[in-house]
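Trainee: I would like a close look at a single part of this model, set in the context of the whole chain.

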Amino acid sequence: MPPRPGQSKALLDDLLAGHDPVAVEAAIARLAITGRPALRLVLQRLESADAPHLPRLLRVLERLADPTALPAVRPYLNHDTLDVAVAAVDAVGALLDARDSRVASAALDALTTTLLDRERGDAVRLRAWEAITSAAEPTAAYDADVLAPLRLQLRQDGSPALRAAVGDGRDDLPIIEEPSGDAQLEAAAGGALPPDPEHLRQLLGSHGADASLTALHRLIERVRTHEQTVGRERVEAWRVV
């Protein structure tokens with residue numbers, strides 16, 4: 001159902017005049033449903049609204065996620081009032097998934113600038129990082145081209161909060177799983193003996209019963225050959241395998 005004439009203005013007046021949090025949330029939701037008529041009015045009010053009203057207007061723009069609002073919202077990323085700047089970050093973050101790649105790229109550039117600005121407070125920068133890392137459909141390319149370089153840079157940042165947010169990089173390392181006992185035993189039979197004979201004894205005790213006679217025969221040959229290459233103090237350790 002299309003909005004009635006004047007409905008958007010009435011909702012906007014309720015939004016700015018309201019003191020009840022529930023009523024404010026309801027007004028934001030209804031304005032977002034109204035769509036383009038609400039967008040025009042919100043953008044007009046944005047230019048003249050005082051700081052206490054700006055976060056509410058920006059939250060409407062966040063819900064609308066209209067690409068045409070980016071130029072109007074972007075300056076508020078630098079607002080001195082924390083609530084305004086945070087609301088602006090959220091509004092710009094909503095455009096990271098815009099269908100128009102140019103809009104999405106401009107939104108990312110704006111948030112990246114805020115994130116890397118060491119003159120900004122931690123709360124705003126952390127909110128920008130949260131927005132950048134919360135793309136609706138993150139891809140391997142996005143992680144490699146956008147997130148990974150930012151993580152590297154932020155690990156050298158002067159803010160402990162930012163460094164903690166990106167982590168120390170250990171989670172970025174690939175997880176290398178240890179080969180199974182059967183695989184290790186097969187590798188030993190092929191000539192890749194473990195450096196510790198006790199480890200080989202444990203492998204034989206836990207997986208030897210399932211190994212083929214051929215593999216066990218080859219393993220014995222490998223061990224006897226290896227005995228000839230180790231020092232005297234190590235020979236006995238290998239013989240008891």
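Trainee: Which pattern does the chain follow when read along the sequence, and how is helix α6 covered?

Mentor: This is a predicted model. Read along the sequence, its chain follows the pattern α-α-α-α-α-α-α-α-α-α-α-α-α-α, with 14 helices and zero strands. Of the 241 residues in the chain, 37% are buried. Where contacts link residues at least 6 apart in sequence, 56% of them join residues at least 24 apart. The exposed area of the chain is about 14400 Å², and carbon and sulfur atoms supply 53% of that area.

Within this setting, helix α6 covers residues 82–93. The end C-alpha atoms of α6 lie 16 Å apart, which agrees with the 16 Å that its twelve residues should span at 1.5 Å a residue. The helix is mostly covered, with ten of its twelve residues buried. Val 84, Ala 85, Val 86, Ala 87, Ala 88, Val 89, Asp 90, Ala 91, Val 92 and Gly 93 are the buried residues of α6. They pack against α4, α5 (70–73), α7 (101–116) and α8 (122–133).

The pairing with α4 (residues 54–64) can be described further: the axes of α4 and α6 come within 8 Å and cross at roughly 5°. Angles under 35 degrees count as roughly parallel, so α4 is roughly parallel to α6. On the α4 side, the residues in contact are Leu 54, Pro 55, Leu 58 and Glu 62; in α6 they meet Asp 83, Val 84, Ala 87, Ala 88, Asp 90 and Ala 91. By class, this contact has seven nonpolar, no polar and three charged residues.

Definitions and conventions:
Residues are numbered from 1 along each chain as its sequence is written. This is a predicted model: local features need pLDDT of at least 70, side-chain atom pairs count only at pLDDT 80 or more; totals for chains, interfaces and linings use all residues. Side-chain values use heavy atoms; hydrogens and water are left out. Axes are lines fitted to C-alpha atoms, for helices over the stretch in contact, and angles run from 0 to 180 degrees between N-to-C directions. Helices (H or I, at least four residues) and strands (E, at least two) are DSSP runs, numbered from the N terminus. Angles under 35 degrees count as roughly parallel, over 145 as roughly antiparallel, 65 to 115 as roughly perpendicular and the rest as oblique. Contact means heavy atoms within 4.5 Å. Ala, Val, Leu, Ile, Met, Phe, Trp, Tyr, Cys and Pro count as nonpolar, Asp, Glu, Lys and Arg as charged, and the others, Gly among them, as polar. Buried means under 20% relative accessible area, exposed over 50%, partly exposed in between (1.4 Å probe, protein chains only). Accessible areas come from the Shrake-Rupley method with a 1.4 Å probe; for residues, only the protein chains shown count as cover. The expected span of a helix is 1.5 Å times one less than its number of residues.
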